Amino acid sequence: MNAWPSIAATNLGRQLGRLFRMGPRISVLTVPTRPGWFIALATTPITAFLYFNKIVPRTPLVLFGAQNPWCRRYRLTNKQVIIEHPFDALSTKRADQATFAKIGLTEFDTAELEEQSGYEWYRASDIVFRREGKEVLRLPAVPHAEAFRQTCLKARQAVIGVAEANKPAAAAS
């Protein structure tokens with residue numbers, strides 16, 4: 001399973017998210033709206049830039065420039081959770097440089113959601129993986145984070161269940 005961070009992962013994205021949620025609901029020509037929605041329309045070029053900045057693999061040249069540090073993806077495999085550069089992970093030459101952080105599925109006890117100010121507009125949350133109460137990995141600004149968190153916990157349970165099922169078989173032989 002893959003998830004791409006929201007633009008709320010940037011400071012500017014969080015500030016814009018706070019602005020977009022601003023104000024009480026008002027009626028404009030019998031249509032319920034908020035003042036922040038007009039700000040959202042006015043700042044569309046900025047949010048488009050933030051979005052494309054997080055998916056462009058290289059800067060300043062899209063294909064041959066330096067690695068874009070904001071281009072990241074969260075990937076859940078059958079063994080680990082990885083924060084990686086999505087396009088370099090496909091390259092055999094650059095795959096070792098593509099991983100920013102990773103954690104094995106048995107290396108955490110809990111996965112909790114933390115929502116920062118400005119995340120509400122984007123429906124995003126941080127997923128914080130903890131072992132014995134200590135934070136071991138944080139995935140910032142995951143959109144619809146509950147689904148990704150639940151999948152991580154289910155994959156963890158599956159890995160632990162398989163390991164437990166194989167213990168008696170290994171001890172018997």
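Helices (H or I, at least four residues) and strands (E, at least two) are DSSP runs, numbered from the N terminus. By this rule Val 81 is found in strand β7, and the chain as a whole has five helices and 11 strands. The structure is a predicted model, in which local features need pLDDT of at least 70 and side-chain atom pairs count only at pLDDT 80 or more, while totals for chains, interfaces and linings use all residues. Residues are numbered from 1 along each chain as its sequence is written, and side-chain values use heavy atoms, leaving out hydrogens and water.

The chain has 173 residues, of which 36% are buried (under 20% relative accessible area, with exposed meaning over 50% and partly exposed in between, for a 1.4 Å probe and protein chains only). About 10,400 Å² of the chain is exposed, and carbon and sulfur atoms supply 60% of that area (Shrake-Rupley method with a 1.4 Å probe; for residues, only the protein chains shown count as cover). Among contacts (heavy atoms within 4.5 Å) between residues at least 6 apart in sequence, 46% join residues at least 24 apart.

Consider the sheets next. Four strands form an open sheet in the order β1-β6-β7-β8, with antiparallel pairing; two strands pair if DSSP finds at least two bridges between them. The edges are β1 (2-3) and β8 (99-104), each with a single partner strand, so one side of each has no neighbour in the sheet. Inside this sheet, β6 (residues 73-76) and β7 (residues 80-84) run antiparallel and are joined by four bridges. Tyr 74 has Ile 83 in β7 as its bridge partner.

Another open sheet has three strands in the order β9-β10-β11, also paired antiparallel. Here β9 (110-114) and β11 (134-143) stand at the edges; each has a single partner strand, so one side of each is left without a neighbour in the sheet. Seven bridges link β10 (residues 124-131) to β11 in the antiparallel sense, and Ser 125 has Val 142 in β11 as its bridge partner.

Return now to Val 81. This residue counts as buried because its relative accessibility is 0%. Its C-alpha atom is separated by 5.5 Å from that of Lys 102, 21 residues apart along the chain. Leaving aside residues up to four places away in sequence, Val 81 touches ten residues' worth of neighbours listed here in part, among them Leu 76, Ile 103, Phe 129, Leu 139 and Cys 152. The same exclusion applied to Phe 129 gives a list that includes Val 81, Phe 108, Leu 137, Leu 139 and Cys 152.

Both residues belong to the largest nonpolar core, which has 18 residues; Val 81, Ile 127, Phe 129, Leu 139, Val 142 and Phe 148 touch the most other members. A nonpolar core is a set of buried Ala, Val, Leu, Ile, Met, Phe, Trp, Tyr and Cys residues joined through side-chain atoms within 4.5 Å. The elements giving two or more residues to this core are β6, β7, β10, β11 and α5 (145-172), and the largest share, four residues, comes from α5. A second, separate core of 10 residues includes Ala 8, Phe 20, Tyr 119 and Ala 124.

Phe 20 also appears in helix α1 (residues 11-20), where Gly 13, Arg 14, Leu 16, Gly 17 and Phe 20 are buried. These residues lie on the same side of α1, because they cover an arc of only 165° around the axis (taken from the directions from the helix axis to the C-beta atoms). The buried residues of α1 pack against α2 (35-42) and α3 (44-55).
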